[in-house]
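Visitor: I'm new to reading protein structures. Could you walk me through this one, a feature at a time?

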Amino acid sequence: MQETAIIIGGGAAGIFAAIACAEANPSQKVIVLEKAKTLLQKVKISGGGRCNVTHACFVPKDLVQFYPRGNKELIGPFSRFQPADIMEWFADRGVDLKIEADNRVFPESDQSQTIIDCLLMMAESAGVEIKKGVAVSDIKNEDKKWQIKTQEGDYIANKILVAAGSSKKLWDILKKLGHNIIEPVPSLFTFNIKDPRIKGLAGISLDNAEVSIANSQLVENGPLLITHWGLSGPVVLKLSSWGAPALADCMYYFPILINWVADLEQEEVLAAFTEERVSNSRKRIQNHTMFGVPLRLWKNLAQHVGIENTHNWGDISNKTMQDFANEITGSFFQVSGKSRFKEEFVTAGGVDLKEINFKRFESTKLPGLFLAGEILNIDALTGGFNFQAAWTGGWLAGHALAGQEIE
Ligand SMILES: Cc1cc2nc3c(=O)[nH]c(=O)nc-3n(C[C@H](O)[C@H](O)[C@H](O)COP(=O)(O)OP(=O)(O)OC[C@H]3O[C@@H](n4cnc5c(N)ncnc54)[C@H](O)[C@@H]3O)c2cc1C
C-alpha cells in the first residue's frame, strides 16, 4: 500500500514541508488538510502585503539571537537550512528577491502573491494533494498509524506533520496526546500610553532611544516611534518580544523608562546643560533643542519639569536643570495596554521545545508525529525571522516525512 504523509495546516510551514516531502520522495502520497478555504493566508497579509520572506543574516549563531524563544534549539536546524537556502530556493524557481537596507528580504515584486503563486505551483507540480475547508478535530495514534478526524471523515497516515500555527484546537489535541504546551501569549505588539508629554506627537520618531521596563532586566535600544496610542518602533517591538510572557503576567500594565538620547548618560546631558547655562544664558530653552531630540518633544519634556516657554538657560535652578537631564535620559511612563503591530505579529508559547528532536522536527514522545512553524514554542523579532523558522522547520520535517534526514 502507498505510504501516506498527512500535513495539518496549509500555511508557510505546512505547504513548504509538503513540497519538500513530495519532491524528496515522489512515491509517497502527501496530503495537506487546511481548515480555511484559502491557503497561505498569513503569507498574503504578511509584511504589509509585501511578505518579508526572511532576513539576510547567514551565520546561524548570529541568526538565533533574534529568537527569544528557540534560540538554543535553532542553531542546529539553521546550520542545515537557513536564509541563504530559502533565498536560493525561491531564486531557483524564478522568484527574484531583494535585500533591503535593514537586511529584510522581500520579493522584488513587493507582492506577497508572488511567494504564494510560487509555493502553490511547486506544490501542484510535486503532486501534493490539497484539501481545503477541512478542519481537523481530533488525532489518535493506533497500531502505529495516525487517525485524523475531520468533518469530512477520517484520514489514516503513517506519519503526520502538525503545522497548524497558533491553533488552540491543535494545542488541546497535542496536550491530550501527552505534549506539554507552554501557555500561548501574544508577541510583537506596541505599547498603549496616555501621557501629555507625547500627546499630539504621533509620527515623531527618534533614531536611537533606550527603553527599559522598570524593575526588570528588559532593556533595548533602537528607533522609537510615537503613535496616536503610545509608542511603537523597533525598540518597542523588541521589548514586547523578549518580555512577552512577563508582560502578559502583569496584564500589559507596567512602568517604563526612556532615555531619548540612548548614546548619552545622564551626567553627559547635565554637563552639556551646565555649559549651555554658562555660554548661552539668554537662550530660550524651549526654542532650541539639543542632542537631536525632536523640538516638539523637547518642549513637552521641558514643560514637564517646570521649564516655561519664557525661561532662558540662565533662569533655571540647579535642581530644574538636574530634573531636565533626568527627564531626557530617564522619562518615566506608565504603559496601560497593548495594540497590534499590523505588519507582523506572532504568538509566543506552544509545544515545549524539550519534547522535539530538532534534527527532524519530530516529537520525542510520539514518533511519527512531526511539528513545525508557530505550533512550536518558537518566535522571533520582526524582520522575516518568523517565516525563516517556518521554512527551516518545514524543510527538515518535510524531508524526515519523506524518510530522509538532512545532515
Ligand atoms: C499580519 C501578520 C504579518 C506577518 N508578517 C510577517 C513577515 O512579514 N515576516 C515574517 O517572518 N513573519 C510574519 N508574520 C508571522 C508569520 O506569518 C508566521 O510566523 C507564520 O505564518 C507561521 O507559519 P505557520 O505555517 O506555522 O502558521 P500559519 O501561517 O498560521 O498556518 C497555519 C495553518 O493551519 C491552519 N489550521 C489551523 N487549525 C487547523 C485545523 N484544525 N485543521 C486544519 N488546518 C488548520 C490555518 O488555517 C493556517 O492556514 C506575520 C504574521 C501576521 C499575523
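**Reading the strands**

Guide: Let's begin with a pair of strands: E4 and E5 run antiparallel and are joined by 3 bridges. Keep in mind that this is a predicted model.

Visitor: What is the bridge partner of Leu 97 in E5?

Guide: Leu 97 is matched with Pro 107 in E5. The general idea is that strands of a sheet pair through backbone hydrogen bonds, either parallel or antiparallel.

Visitor: And in what order do the strands of the open sheet come?

Guide: The order is E3-E5-E4, so to speak, read straight across, with antiparallel pairing in this open sheet of 3 strands. E3 and E4 are the edge strands, and each of them pairs on one side only.

Visitor: Which residues have a positive phi without being glycine?

Guide: Take Cys 51, which has a phi near 60°, and Asn 103, where phi is about 75°. Cys 51 sits in the loop between helix H2 (41-49) and strand E3 (54-55). Asn 103 sits in the loop between strand E4 (97-99) and strand E5 (104-107).

Visitor: Is Cys 51 buried or exposed?

Guide: Count the neighbours. The cut-off for buried is 20 or more other C-beta atoms within 10 Å. Cys 51 has 28 of them, so Cys 51 is buried. Asn 103 has 13 C-beta neighbours inside 10 Å, so Asn 103 counts as partly exposed.

Visitor: Now the bigger picture. Into which domains is the protein divided?

Guide: There are domain 1 (4-186 + 343-401) and domain 2 (189-340). Their C-alpha centres lie 40 Å apart. Where they meet, 7 residues of domain 1 are in contact with 9 residues of domain 2. On the domain 1 side, the touching residues divide into 6 nonpolar, 1 polar and no charged.

Visitor: How do I read a nonpolar core?

Guide: In soluble globular proteins, nonpolar side chains tend to be buried together. Here the largest nonpolar core has 118 residues, and those with the most contacts inside it include Ile 8, Phe 16, Ala 18 and Leu 161. Domain 1 and domain 2 both give residues to this core, so it lies between them.

Visitor: Which residues does Ala 18 touch?

Guide: Leaving out residues up to four places away in sequence, Ala 18 touches Ile 7, Val 30, Val 32, Ala 123, Val 128 and Gly 398.

Visitor: What surrounds the ligand?

Guide: A shell of 37 residues, and the closest are Gly 9, Gly 11, Gly 47, Gly 165 and Gly 373. By type, the shell divides into 17 nonpolar, 13 polar and 7 charged residues.

Visitor: Which element gives the most to the shell?

Guide: H2 does, with 5 residues. Among the others that each supply at least two are helix H1 (12-24), strand E2 (29-34) and helix H13 (385-401).

Visitor: Let's finish with H13. Where is Gly 393, and is Gly 393 buried or exposed?

Guide: Gly 393 is found in helix H13. Gly 393 has 31 other C-beta atoms within 10 Å, so Gly 393 is buried.

Visitor: What is Gly 393 in contact with, leaving aside its neighbours within four places in sequence?

Guide: Its contacts are Ala 13, Pro 77, Phe 361, Ala 372 and Gly 373. You can also look at distance along the chain: Phe 358 is 35 residues apart from Gly 393, and their C-alpha atoms are separated by 8.4 Å.

Note on methods: Residues numbered from 1 in each chain as written. Predicted model: local features only at pLDDT ≥ 70, side-chain atom pairs only at ≥ 80, totals over all residues. Helix = DSSP H or I, 4+ residues; strand = E, 2+ residues; numbered from the N terminus. Buried ≥ 20, exposed ≤ 12 C-beta atoms within 10 Å, placed from the backbone. Domains from an automatic or database assignment. Contact = placed C-beta atoms within 7 Å. Nonpolar A, V, L, I, M, F, W, Y, C, P; charged D, E, K, R; others polar. Near = placed C-beta within 6 Å. Pairing = 2+ DSSP bridges. Core = buried A, V, L, I, M, F, W, Y, C linked by C-beta atoms within 7 Å.
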